[in-house]
Structure formats: C-alpha cells, structure tokens
Amino acid sequence: MKGISLYFVYPLTMFLLGFFSHMAYVDFFYPNKIQNKAQEHIAYTEENIAQVVETAGEITTCDTSYVVVEYNLEENSQNRNTGRLPEKYLGMTRDKLEEALKDYEMNPTLEDQEKGFLSLNLERFSPAQVVVRKNYRPVKKTEGYYLMVEDGKIIVMEDDQKTVYLTTEIYAEDLSDPLKQELIIGKYIHNIEELYGFLESYTS
C-alpha cells in the first residue's frame with residue numbers, strides 16, 4: 001500500500017510544485033498579464049451586454065398595425081386608414097423606420113404625387129402600432145377647356161392642352177373665318193356649361 005501511495009503521491013506533488021513555480025514565475029516577470037486578461041474579459045462581457053440591450057430594443061414586427069393619416073392641408077381634413085405594416089418596414093427600430101420614411105418622402109409613389117403629396121411624418125412608434133401622417137395639398141384643376149382643330153374637325157382638349165376630352169363631328173371649314181383663327185391657337189372655354197352650349201349651337 002505504501003508503494004502504491006508513493007506511486008500516486010510523488011507525481012502529484014511534483015505536478016503541484018511545477019504549477020505553482022510557473023505561476024510565481026509569470027507573476028514575477030509578467031505582473032500585468034493576469035490583470036490584463038481580467039480586464040479583457042470584463043470588456044468582452046460589457047460589449048456582449050450592450051449588444052443584448054440593443055437587440056432587446058423596440059422593433060416592428062408582423063403584428064405591428066400600420067396607421068396612415070392622410071391630411072388635406074387645403075380643407076384641413078383627414079382620412080385615417082389602418083392596415084398591415086409593409087414588409088419593407090419589418091424588424092426596424094424607430095431610427096431605421098424614420099430613415100426609410102425619409103427615403104419615401106424624397107421619392108413618393110406616382111399616386112401620391114398626383115394627390116399633391118408634400119411631406120411625411122412619423123407620429124407614433126411602438127411594436128404594437130406605427131402611425132404615419134402624410135400631408136397633401138391637392139392641385140386644383142380648372143374647369144376650362146380648349147377647342148382646337150385636328151384632321152379638319154373640332155376637338156375638345158382639357159386645360160393642359162394635351163389630354164383629349166372629346167372629339168366632335170364639327171368641321172372647321174363650316175365655321176366663320178374669325179372662329180377658325182381662334183381655333184388655330186386654341187379657343188378657351190371656361191366651363192362645361194359653356195362648352196356644351198357652343199357644341200349645341202354648331203351641331204346640326
């Protein structure tokens with residue numbers, strides 16, 4: 001038994017002596033090494049905690065409701081629509097969503113442009129609900145029309161002089177010379193009542 005005990009005790013004693021000798025050597029010649037290791041571990045832990053906190057911040061999800069308030073600046077009225085959050089806005093923090101909305105404000109859809117889109121604001125942000133306000137100033141369309149000649153017939157153009165509103169069967173050659181001169185440059189008609197009154201007077 002003594003022989004067996006010495007067989008285990010002697011190697012263990014030598015291992016412990018070697019380990020503590022090495023630690024004393026490191027501590028004597030590299031006194032800051034252990035401290036630096038500890039500081040690196042603390043810094044790494046703090047960085048991980050910061051990442052966890054940031055990840056745990058409020059973000060949008062597929063359960064976030066999306067409310068768009070369309071505000072008419074001319075009439076001081078609003079229309080409120082609630083729906084699902086667009087996929088392109090999923091998983092965003094408030095800052096990221098504001099950046100995305102700024103991009104949209106710079107490049108609105110054609111539909112919004114036609115409605116007189118001016119600006120976009122993020123009114124409310126939470127994982128449960130996002131409220132966006134779109135500001136519009138509708139472009140007022142005049143009721144005027146232009147009478148012009150095309151292929152020898154009178155046509156009715158909208159106020160932009162590009163969109164054909166109506167093609168008639170009234171021939172320009174049947175009209176008086178002064179009226180023909182007006183039609184060459186475009187005869188302006190103020191409203192729909194005046195337009196139909198003119199057409200009736202020259203329709204046989």
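How do strands E1 and E4 pair, in the parallel or the antiparallel sense, and over how many bridges? In this predicted model, strand E1 (residues 65-72) and E4 run in the parallel sense, and 8 bridges join them. One of those spots is easy to look up: Tyr-71 has Asn-135 in E4 as its bridge partner.

**The sheet around E1 and E4**

Now zoom out a little. E1 and E4 belong to an open sheet of 4 strands, in the order E2-E1-E4-E3, and the pairing is mixed. At the edges you'll find strand E2 (77-84) and E3, each with pairing on one side only. From one strand to the next, the twist averages 20 degrees. If you're wondering what holds such strands side by side, strands of a sheet pair through backbone hydrogen bonds, either parallel or antiparallel.

Helix H3 lies across E3 and E4, and runs at about 170 degrees to E3. Have a look at Glu-105, which lies in this helix (residues 94-106). Is Glu-105 buried or exposed? Its relative accessibility is 18%, and buried means under 20%, so Glu-105 counts as buried. Apart from neighbours within four places in sequence, Glu-105 is in contact with Phe-117, Ser-119 and Leu-120.

**Rings and a charge**

Phe-117 turns up again when you look for aromatic pairs, of which the whole structure has 5. Take Phe-117 and Tyr-136: their ring centres are 6.0 Å apart and their planes stand at 75 degrees, so this pair is edge-to-face. Phe-117 lies in strand E3 (residues 117-125) and Tyr-136 in strand E4 (residues 129-136), so the pair ties together parts that are 19 residues apart in sequence. Both Phe-117 and Tyr-136 are buried, and together with Tyr-104 they form one aromatic cluster.

Tyr-71 has a neighbour worth finding too. The charged end of Arg-133 sits over the ring of Tyr-71, 4.2 Å from the ring's centre.

**The other sheet**

There's another open sheet to explore: 4 strands in the order E7-E6-E5-E8, with antiparallel pairing. Its edge strands are strand E7 (164-171) and strand E8 (187-189), and each pairs on one side only. Neighbouring strands here are turned by 30 degrees against each other on average, ignoring direction. Strand E5 (residues 145-150) and E8 share 3 bridges in the antiparallel sense, and Tyr-145 stands opposite Ile-189 in E8.

Two helices pack on this sheet, as the table shows.

| Helix | Strands touched | Angle of direction |
|---|---|---|
| H5 (residues 177-185) | E5, E6 (153-158) and E8 | about 85 degrees with E8 |
| H6 (residues 192-201) | E5, E6, E7 and E8 | about 20 degrees with E7 |

Which residues of H6 are buried? They are Leu-195, Phe-198 and Leu-199. Seen down the axis of H6, these buried residues fall within an arc of 95 degrees, so they line one face of the helix. The spacing idea behind this is simple: an α-helix has 3.6 residues a turn, so residues three or four places apart point the same way. What covers the buried residues of H6 includes E5, E6, E7, H5 and E8. Turn to the face of H6 pointing away from its buried side, and you'll meet the exposed residues Glu-193, Glu-200 and Ser-201.

How values were computed:
Residues numbered from 1 in each chain as written. Predicted model: local features only at pLDDT ≥ 70, side-chain atom pairs only at ≥ 80, totals over all residues. Heavy atoms only, no water. Phe/Tyr/Trp six-rings, centres within 6.5 Å; stacked < 30°, edge-to-face > 60°. Helix = DSSP H or I, 4+ residues; strand = E, 2+ residues; numbered from the N terminus. Buried < 20%, exposed > 50% of the residue type's maximum accessible area, 1.4 Å probe, protein only. Lys NZ or Arg CZ within 6 Å of the ring centre and 35° of its normal. Pairing = 2+ DSSP bridges. Axes fitted to C-alpha atoms, helices over the stretch in contact; angles between N-to-C directions. Contact = heavy atoms within 4.5 Å. Arc of directions from axis to C-beta.
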